[in-house]
Amino acid sequence: MKHAIKAEDAAALVPDGARVLIGGFMGVGSPHRLIDAIVARGTKNLTVIANDTAMPGKGIAKLVSAGCVSTVIASHIGLNPETQQKMIAGEIDVDLVPQGTLVERIRAAGVGLGGILTPTGIGTLVEEGKPKITVDGRDYLLETPIHADFALISAYRADYVGNLEYALTAHNFNPIMALAGDTVIAEPHHIVPVGVIPPDSVKTPGILVDHLLERQPDGS
Amino acid sequence: MEAKEIIARRVAQEIQPDTLVNLGIGLPSLVANYLPNDVHVFFQAENGVIGLGARPPEGMEDPDLTDAGGGFITAVPGAASIDSAVSFGLIRGGHLDMTVLGGLQVDERGYLANWMIPGKMVPGMGGAMDLVAGAKQVIVAMVHTAKGAPKILKECNLPLTAKRRVSLIVTEMAVIQPTEEGLLLKETGPDASVDDVISATEANLIIRGDVPRMRL
């Protein structure tokens, strides 16, 4: 049995300077109430690891605008001009990682692998400084795991033991990040009694989830 | 016909039935509009759906069902939703038959640059590097020149997306196949002569016999 906590109490768990994985793809499937609570709290110097920084006014972009973020590790910032401006102005460090490599580096951290070998990035700027390893005649880059203090994720439904189910394209990075944060905070759209989510539909077993965000008092 | 429509119509002819195809954001996404009705393919949106469908009816949009650009979509019968690890596993693992991507530059080696202009535009590579490294076929769909300046060069001067020879370049002026010997001009656009293509292209083009016009 998990306890559901308020968004502001969840935000208070995340200290200045924390490394946080945040689920979502252009704001779809991001933990929006949790993000709003972190903005309200004014947390500083976060390292945000996410696919992208969404678009202005949405999801992770709010953290960037509010000055909560000092480092971004992402695959794409093209739809958020503010992230690009802050990068050029030197206010934010941005480490761009190919999307498939990013998700596997996060997964590696979550599943106890010391890295992954990928052909992606060979012969490009991405290979700089990375060991190249040849397996069966093909070159791969050694990409290291990305660990984080927190995973802040969104889900379609959670049950009382924290099992999570995801919807459509709101899966994206969420089930992978649930493996990789030291503390996992999930923001589900619905919290349902145990048994409502069939075991075959559980994508993230509840044992991985530390905290659930409670539903808003008005039920929204 | 507008340049983008010429390109999209011509790329659509390359799509084989019963394949998995990934269309990039922008111009490449128009290709789906020109696929013959009897050709069944699954389109992948790399944010997590196999079987991307058309725009939903107004008022029926679901915030949890979007394409990689964040636009609302539907899903076709037989569709599957997947997480990002599976999505990119399909791409890198050789399960994706074709990707259609935009391009900033392509060169004589068939190498593509499409993810950054140093000091000017750094959107990030998103899924492009994985797509070019992993898809069985890579088609570059782009207008032939940028404000009159050639985009098909002897050698890309922008950072490469991958060190892999792409399968085909389709512009409004030409269909070009990168080969071991260089860039083979396969077809010219409806309004372009071979000389027009040569003068709008910095790279050397291999021309064998009469070059046919695109049939759209």
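1. The nonpolar core. In this predicted model, the largest nonpolar core holds 124 residues, and V20(A) and L21(A) touch the most other members of that core. Strand β9 of chain A, residues 148–159, gives the most to this core, with eight residues.

2. The surroundings of L21(A). Which residues does L21(A) touch, leaving aside those up to four places away in sequence? The contacts are I49(A), I106(A), A148(A), F150(A), A151(A), L152(A), M177(A), A180(A) and G181(A). I106(A) belongs to a helix, α5 (99–111) of chain A, while A148(A), F150(A), A151(A) and L152(A) belong to strand β9 (residues 148–159) of chain A.

3. Overall form of chain A. Chain A contains six helices and 12 strands. Its C-alpha atoms fill a box of roughly 55 × 40 × 25 Å along the principal axes. For 220 residues, a compact globule would have a radius of gyration near 17 Å, and the value of 17 Å for chain A therefore agrees with that expectation. Of the 220 residues, 52% count as buried. Contacts within the chain often link distant parts of the sequence: among those between residues at least 6 apart, 71% join residues at least 24 apart.

4. A parallel strand pair in chain A. Strand β4 (residues 69–74) and strand β5 (residues 93–96) of chain A run parallel and are joined by four bridges. Within this pair, V72(A) stands opposite V94(A) of β5(A). How does the chain cross from β4(A) to β5(A)? The path goes through helix α4 (residues 81–88) of chain A, and the resulting β-α-β crossover is right-handed.

5. The contact between the chains. In the interface, 37 residues of chain A are in contact with 32 residues of chain B. On the side of chain A that touches chain B, α5 (99–111) and α6 (174–180) of chain A each supply at least two residues. The largest share of that side, five residues, comes from α5(A). By type, the residues of this side of chain A divide into 19 nonpolar, 16 polar and two charged.

6. The first helix of chain B. In α1(B), the buried residues are I6(B), I7(B), A8(B), R9(B), R10(B) and V11(B). They pack against four strands of chain B, namely β5 (98–101), β8 (137–141), β12 (168–170) and β13 (174–179).

7. I6(B) in detail. I6(B) lies in helix α1 of chain B, which spans residues 3–12. Why does I6(B) count as buried? It does so because it has 21 C-beta neighbours inside 10 Å, where 20 or more are required. Not counting residues up to four places away in sequence, I6(B) touches M1(B), E172(B), G189(B), P190(B) and L216(B). I6(B) and V170(B) illustrate how the fold brings separate parts of the chain together: 164 residues apart in sequence, they are 9.2 Å apart in space, C-alpha to C-alpha.

8. An open sheet in chain B. Three strands of chain B form an open sheet in the order β7-β6-β11, with mixed pairing. Strands β7 (112–113) and β11 (152–153) of chain B stand at the edges and have a single partner strand each, so one side of each is left without a neighbour in the sheet. Strand β6 (residues 105–107) of chain B pairs with β7(B) in the antiparallel sense over two bridges. Here Q105(B) has A113(B) of β7(B) as its bridge partner. In general, strands of a sheet pair through backbone hydrogen bonds, either parallel or antiparallel.

Conventions. Residues are numbered from 1 along each chain as its sequence is written. Chains are lettered from A and ligands numbered from 1 in the order in which they are written. This is a predicted model: local features need pLDDT of at least 70, side-chain atom pairs count only at pLDDT 80 or more; totals for chains, interfaces and linings use all residues. Two residues are in contact if their C-beta atoms, placed from the backbone, lie within 7 Å. Ala, Val, Leu, Ile, Met, Phe, Trp, Tyr, Cys and Pro count as nonpolar, Asp, Glu, Lys and Arg as charged, and the others, Gly among them, as polar. A nonpolar core is a set of buried Ala, Val, Leu, Ile, Met, Phe, Trp, Tyr and Cys residues joined through C-beta atoms within 7 Å. A residue is buried if 20 or more other C-beta atoms lie within 10 Å of its own, exposed if 12 or fewer, and partly exposed in between; C-beta atoms are placed from the backbone. The radius of gyration is taken over C-alpha atoms; the globule rule is 2.2 Å times the number of residues to the power 0.38. Two strands pair if DSSP finds at least two bridges between them. A crossover is right-handed if, with the strands pointing away from the viewer, the path from the first strand over the helix to the second runs clockwise.
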